[in-house]
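The following exercises concern a single protein chain. Each task is followed by a solution that proceeds step by step.

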Amino acid sequence: MILRRVLTLAVTCAAGLSVASCGSDYPLGPAQEAAAENASSSLSGTITGAGSSAQGPAMNAWQAEFATIHPDVRVQYSPDGSGAGRGALLAGAVDFAGSDASLNEDELEESRKVCGPDGAFNIPAYVAPISIAFNLPGIEELNLDAATIAGIFRGEVTRWDDPAIAGQNEDIELPDLPVTPVSRSDDSGTTENFTDYLHAVVPDIWTDEADGTFPSGLAGENAKGNAGVVSTVSGTEGAVTYADDSAVGPPLGKANLLVGDEYVAVSPEAAAAAVDVAEPVEGRAEFDIALNLDRKTTAPGAYPLVLVSYHVYCSTYGDEETANLVRTFGTFVVSEEGQQAAAEAVGSAPISASLSKRAAEAISTIGVESQAGA
């Protein structure tokens with residue numbers, strides 16, 4: 001299939017491997033060139049984005065599939081981290097940002113400088129659970145509640161056979177091994193979602209407010225990006241981290257999360273169940289779809305340690321070409337086709353049909369700066 005070939009070439013080019021076509025007019029290779037010869041789209045141009053590393057694999061899928069529909073459009077994305085992406089958008093350096101946390105009030109106000117009087121707005125684009133991933137040879141899963149997870153990352157639960165862990169895993173022979181927590185070193189939406197969950201559920205233990213920067217005074221190691229923390233844990237027996245579930249695989253195990261009276265395994269379906277009970281952030285513009293997740297939900301089968309990653313767009317752009325490209329790409333991402341492309345590639349949870357419709361309607365309001373107030 002064209003999509004599979006494009007995805008393979010996209011990943012190859014992104015990895016910096018030698019493919020002659022990576023520098024050609026069709027950077028995703030022969031499959032994109034073949035699509036161009038048969039495509040009816042006259043859309044062309046380039047848009048740039050930066051931000052969430054969690055979105056990186058999904059973005060590869062979106063870029064590849066979009067290229068088969070609009071082969072003369074270049075969508076460039078740099079997975080530098082959510083904080084870096086938001087900063088780049090607010091500086092006018094990119095056309096859109098990927099962020100694992102929605103813009104806060106101060107950022108919304110600042111966005112008016114580059115995005116016009118209505119500023120920027122948030123659109124849910126990627127939904128994924130955050131795994132608690134650990135390296136304990138022979139153990140594929142553990143049951144953990146929020147209090148124990150908080151204790152681990154605060155350096156208060158220091159050995160894997162600690163009674164706090166053992167009491168929830170009576171059928172598992174836990175090793176007498178030090179716990180090595182690994183956190184993100186960069187400003188990360190994954191960290192903000194992780195700390196938001198802990199502060200909401202066990203505020204007496206996790207006293208720090210939610211933040212994209214992990215508390216500097218806590219013990220442990222750190223690494224940049226989802227790939228960085230997963231790599232560090234994979235090479236360190238006894239290590240544990242939090243990361244986008246799509247980045248976690250063997251040899252690492254994953255924790256089941258205590259929700260209400262049951263332990264819930266991490267999965268796209270469980271993440272989607274948690275998003276379904278989310279409420280809109282109050283006081284936002286009608287077309288801004290920032291969500292408040294209920295971290296303390298007891299809904300059956302819900303996994304509230306979930307990441308809703310946004311695309312952040314300007315309400316107006318400086319020219320019609322850019323506005324049209326952003327509208328077209330943004331609409332594709334939230335469509336059933338776009339969401340399915342990401343789900344098949346990385347196992348994310350597609351947004352619901354009703355949320356997809358709301359998102360598409362919001363993206364359609366993107367205008368041109370000269371038309372603002374017209």
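The pLDDT is the predictor's confidence in each residue, on a scale from 0 to 100. The model is predicted, and its chain averages a pLDDT of 89, with 88% of the residues scoring at least 70.

**Exercise 1.** Identify the stretch over which the pLDDT is below 50, and state how its coordinates should be treated.

*Solution.* The stretch comprises residues 1-24. Beyond near neighbours in sequence, residues 1-24 have 30 contacts in the model. Where pLDDT is low, however, predicted coordinates should not be read in detail.

**Exercise 2.** Locate the disulfide and determine which parts of the chain it ties together.

*Solution.* Step one applies the cut-off of 2.5 Å between cysteine sulfur atoms; the count comes to one disulfide. Step two names the pair: Cys115 is joined to Cys314, with an S to S distance of 1.9 Å. The torsion about the S-S bond is -45 degrees, and the link of Cys115 and Cys314 is left-handed. Step three places the partners: Cys115 belongs to helix H5 (residues 105-115) and Cys314 to strand S13 (residues 306-314), so the bond ties together parts 199 residues apart in sequence. Step four concerns accessibility, for which buried means under 20% relative accessible area. Cys115, at 1%, is buried, and Cys314, at 5%, is buried as well.

**Exercise 3.** Is helix H4 (residues 82-90) largely enclosed or open, and which elements cover its buried residues?

*Solution.* The buried residues of H4 are Ser82, Gly83, Gly85, Arg86, Ala88, Leu89 and Leu90. These are seven of the nine residues in H4, so the helix is largely enclosed by the rest of the structure. The cover includes strands S1 (45-51), S3 (96-99), S4 (120-134) and S13, together with H5 and helix H8 (189-201). After H4 comes Gly92, with a positive phi near 75 degrees.

**Exercise 4.** Describe the packing of helix H3 (residues 56-69) against helix H11 (residues 320-334).

*Solution.* Begin with the geometry: the axes of H3 and H11 come within 11 Å and cross at roughly 115 degrees, and the crossing is right-handed. Next, list the residues: Met59, Trp62, Glu65, Phe66 and Ile69 of H3 meet Thr328, Phe329, Phe332 and Val333 of H11. Finally, classify them: seven are nonpolar, one is polar and one is charged.

**Exercise 5.** Which residues does a cis peptide bond join, and where is Pro251 found?

*Solution.* The cis bond joins Pro250 and Pro251, with omega about 15 degrees. Pro251 is found in the loop between strand S8 (239-244) and strand S9 (253-259).

Note on methods: Residues numbered from 1 in each chain as written. Predicted model: local features only at pLDDT ≥ 70, side-chain atom pairs only at ≥ 80, totals over all residues. Heavy atoms only, no water. Axes fitted to C-alpha atoms, helices over the stretch in contact; angles between N-to-C directions. Helix = DSSP H or I, 4+ residues; strand = E, 2+ residues; numbered from the N terminus. Left-handed = near helix turned anticlockwise from the far one by under 90°. Contact = heavy atoms within 4.5 Å. Nonpolar A, V, L, I, M, F, W, Y, C, P; charged D, E, K, R; others polar. Buried < 20%, exposed > 50% of the residue type's maximum accessible area, 1.4 Å probe, protein only.
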